[in-house]
Amino acid sequence: ALNKLIAMNPSGTSIKCLLHFVYNYHSDKFFRYDYGESMNKIIYKSKRPPEYCLEIIKIPTILVYGEYD
């Protein structure tokens with residue numbers, strides 16, 4: 001998945017964005033950025049980053065993908 005993301009983004013992206021993508025891909029959930037336990041405690045007041053609460057999104061959203069995405 002990561003090699004496809006890099007191949008499809010010729011304009012580039014940040015390492016932080018790639019790490020966040022990989023973290024969420026492997027966790028099967030959608031978490032905020034993981035800064036590591038000590039920094040997470042400062043930022044989020046917990047060891048792990050919190051999950052995004054997708055239930056509160058109230059705008060119409062559609063997910064479109066192709067067979068080879």
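Is Asn 40 buried or exposed? Asn 40 is buried, with a relative accessible area of 0%, and it gets a close-up of its own below.

**View 1. The whole chain: this predicted model has three helices and zero strands.** Read along the sequence, the pattern is simply α-α-α. The protein chain has 69 residues, and 12% of them are buried. Its accessible surface comes to about 6300 Å², with 62% of that belonging to carbon and sulfur atoms. Now for contacts with a separation of 6 or more: residues 24 or more positions apart account for 12% of these.

**View 2. How confident the predictor is, from helix 1 to helix 3.** Across the protein chain the mean pLDDT is 84, and 83% of the residues reach 70 or more. Among the elements, helix 1 (residues 2-7) has the lowest mean pLDDT, at 67. Helix 3 sits at the other end of the scale, with the highest mean value, 96.

**View 3. Asn 40, a buried residue in helix 3.** Here we zoom in on the residue from the opening question. A polar atom of the Asn 40 side chain lies 2.9 Å from the backbone nitrogen of Tyr 35. Who else does Asn 40 touch, not counting residues up to four places away in sequence? On one side of it in the sequence come Tyr 33, Asp 34 and Tyr 35. On the other come Lys 45, Ser 46, Lys 47, Arg 48 and Pro 49.

**View 4. Asn 24, a buried residue in helix 2.** The relative accessible area of Asn 24 is 10%, so this residue counts as buried. Its side chain has a polar atom 2.5 Å from the backbone nitrogen of Phe 31. Leaving aside neighbours within four places in sequence, Asn 24 is in contact with Lys 29, Phe 30 and Phe 31. Keep an eye on Lys 29, since the next view picks it up.

**View 5. Lys 29 and Glu 51 meet in a salt bridge.** Side chains of opposite charge can pair when their charged atoms come close. In this pair, the N to O distance is 3.8 Å, and the salt-bridge rule accepts a nitrogen within 4 Å of a carboxyl oxygen. The count of salt bridges by that rule comes to one. What does the pair tie together? Lys 29 lies in the loop between helix 2 (15-27) and helix 3, while Glu 51 is in the segment after helix 3, so the bridge links parts that are 22 residues apart in sequence. In space, the two C-alpha atoms are 7.3 Å apart. Both partners are partly exposed: Lys 29 has a relative accessible area of 44%, and Glu 51 comes in at 43%. Setting aside neighbours within four places in sequence, Lys 29 is in contact with Glu 51 and also with Asn 24, the residue from the previous view.

**View 6. A nonpolar patch on the surface.** Which residues form this patch? They are Phe 30, Tyr 52, Leu 54, Ile 56, Ile 57 and Ile 59, and together they have about 600 Å² of accessible area. Take Ile 56 as one member to look at: it is found in the segment after helix 3 (37-44). With a relative accessible area of 59%, Ile 56 counts as exposed. Phe 30, another member of the patch, is also a contact of Asn 24.

Key: Residues are numbered from 1 along each chain as its sequence is written. This is a predicted model: local features need pLDDT of at least 70, side-chain atom pairs count only at pLDDT 80 or more; totals for chains, interfaces and linings use all residues. Side-chain values use heavy atoms; hydrogens and water are left out. Patches are made of residues with over 30% relative accessible area and no salt bridge: like charges are joined within 9 Å, nonpolar side chains (Val, Leu, Ile, Met, Phe, Trp, Tyr) within 5 Å. Accessible areas come from the Shrake-Rupley method with a 1.4 Å probe; for residues, only the protein chains shown count as cover. A salt bridge is a side-chain nitrogen of Lys or Arg within 4 Å of a carboxyl oxygen of Asp or Glu. Helices (H or I, at least four residues) and strands (E, at least two) are DSSP runs, numbered from the N terminus. Buried means under 20% relative accessible area, exposed over 50%, partly exposed in between (1.4 Å probe, protein chains only). Contact means heavy atoms within 4.5 Å. A polar contact is a pair of N or O atoms within 3.5 Å; within protein, one must be able to donate a hydrogen and the other to accept it, and residues adjacent in sequence count only if both atoms are side-chain atoms. pLDDT is the predictor's confidence in each residue, from 0 to 100.
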